[in-house]
Amino acid sequence: MTEQAGEPAESATGGQWPLWEVFVRSRRGLSHSHAGSLHAPDAQMALRNARDLYTRRAEGVSIWVVPSAAVTASSPDEKDPFFEPAGDKAYRHPTFYEIPEGVKHL
Amino acid sequence: MTATEQTTTGPGTSERTASGHAPAAAGAATAGTSPAAGAAELSGAARAAARALGDDALVLAQRLGEWAGDAPVLEEDVALTNIALDLLGQARTLLSMTGDEDELAYLREEHEFHNVQLVEQPNGDFAVTIARQLYFSVYQELLYAALAARGGELAPLAAKAVKEVAYHRDHAEQWTLRLGDGTEESHRRMQQALDGLWRHTGELFAPLDGLGVDLPALHEEWRERVAAVVERATLTLPQGPDRTPWAAGAGRQGVHTESFGRLLAEMQYLHRAHPGASW
């Protein structure tokens, strides 16, 4: 397992292979969604590991891998200024319209 | 290889069970290729040839399955066992065309297996496994492409399997490049692995009666493809003899190397100890 220290495979990279985030498009027309993460020595191996870990039951038609270090995430500390102001603005939701009959996928 | 051979059943083996399909190490419930239900059974030389190819796939699947839980990293553990399951699926289809797959896998003796000696070689370190994968997957890709192009009973299997094997070859290539062009230590081990297994590669291209593919004609193409990868990886293609000097014969004649008996023991013991066991 990659978390264990002292594995021979890790010593060459200073202890640990980098972490990659995996995005899988399950079929054409849908966007890539986050499937999980994995360790790999480089992008090409990350792609192959993702194929084996996340699409072996025919879950996907396309894979992206992104270095986890390249993801900038919002912090839990910023939760209130980031998200709370939207909570009481119900008028931002399109719930004040009558949906015409026959429109199925709105 | 007569029809009566198939109907001979050991104690309890007439009851086919779901678990009976799975070589011990590989957890075959999810094997990639389902056995061709009701596929035409072969006869004569074609049957012997299909069985030999099935034995190659079965034995290599068992070897790769030994990495389950034991690979250098979790991701590689899954990659190697995925490849094992692809091979197990191919083995099931091929063996089902020549008899009862369970009886063939679990009840034959060592000399009745006709796999090449390359696939039974122990996993060794990771480099040895990768070298074995490189040699065998390049061969298998050429072989299945030729079988698919030729048509006949094995063509549907070959057409499907050639895509699986292309991935196996890619996996072996990627690792050969990284180990060969990696650290001094990984380079040394990869070269040692290529050299050590080289003497088992000639057997892959011995003529196989009933196959309908000219195996010796694929040898040069194989050598070129392997050499291209090896050179890119800053390694050297081995120059020594590609056959064992062993006069006793080769895997295709049922003659095997020392570790094969232990592989079979592990694969077969559960079925032999508890015939028809299911889980």
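Buried residues account for 46% of the 279 residues in chain B. Please keep in mind that this is a predicted model.

Let me turn to the fold of chain B. The chain contains 10 helices and zero strands, so that its pattern along the sequence reads α-α-α-α-α-α-α-α-α-α. Consider next the contacts in chain B between residues at least 6 apart in sequence: 82% of these join residues at least 24 apart.

I should now like to discuss one pair of helices. Two packed helices are described by the angle between their axes and the distance between the axes. For α2(B), which spans residues 44-65, and α3(B), the packing angle is about 155° and the axes are 8 Å apart. Angles over 145 degrees count as roughly antiparallel, and α2(B) and α3(B) are therefore roughly antiparallel to each other. The crossing in which α2(B) passes α3(B) is left-handed.

Which residues meet where α2(B) and α3(B) touch? On the α2(B) side they include B:A50, B:L53, B:A57, B:L60 and B:L64, together with B:R51 and the glycines B:G54 and B:G65. On the α3(B) side we find, among them, B:L80, B:I83, B:A84, B:L87, B:A91 and B:L94, as well as B:T81 and B:Q90. By class, this contact comprises 15 nonpolar, four polar and one charged residues.

Helix α3(B) appears again at the contact between the chains. There, chain B contributes 12 residues and chain A contributes 16 residues. On the side of chain B that touches chain A, the elements giving two or more residues are α3 (74-96) and α7 (155-180). The largest share of that side, five residues, comes from α3(B). Sorted by class, the side of chain B that touches chain A holds five nonpolar, five polar and two charged residues.

Finally, a single residue, B:R252, deserves attention. Its place is the loop between α9 (215-232) and α10 (260-273) of chain B. Is B:R252 buried or exposed? A residue is buried if 20 or more other C-beta atoms lie within 10 Å of its own; B:R252 has 21 C-beta neighbours inside 10 Å and therefore counts as buried.

What is B:R252 in contact with, leaving aside its neighbours within four places in sequence? The partners are B:A52, B:H114, B:V116, B:E203, B:A206 and B:L208. In addition, B:R252 and B:L204, 48 residues apart in sequence, have C-alpha atoms 9.2 Å apart in space.

Definitions and conventions. Residues numbered from 1 in each chain as written. Chains lettered and ligands numbered in written order. Predicted model: local features only at pLDDT ≥ 70, side-chain atom pairs only at ≥ 80, totals over all residues. Contact = placed C-beta atoms within 7 Å. Helix = DSSP H or I, 4+ residues; strand = E, 2+ residues; numbered from the N terminus. Nonpolar A, V, L, I, M, F, W, Y, C, P; charged D, E, K, R; others polar. Buried ≥ 20, exposed ≤ 12 C-beta atoms within 10 Å, placed from the backbone. Axes fitted to C-alpha atoms, helices over the stretch in contact; angles between N-to-C directions. Parallel < 35°, antiparallel > 145°, perpendicular 65-115°, else oblique. Left-handed = near helix turned anticlockwise from the far one by under 90°.
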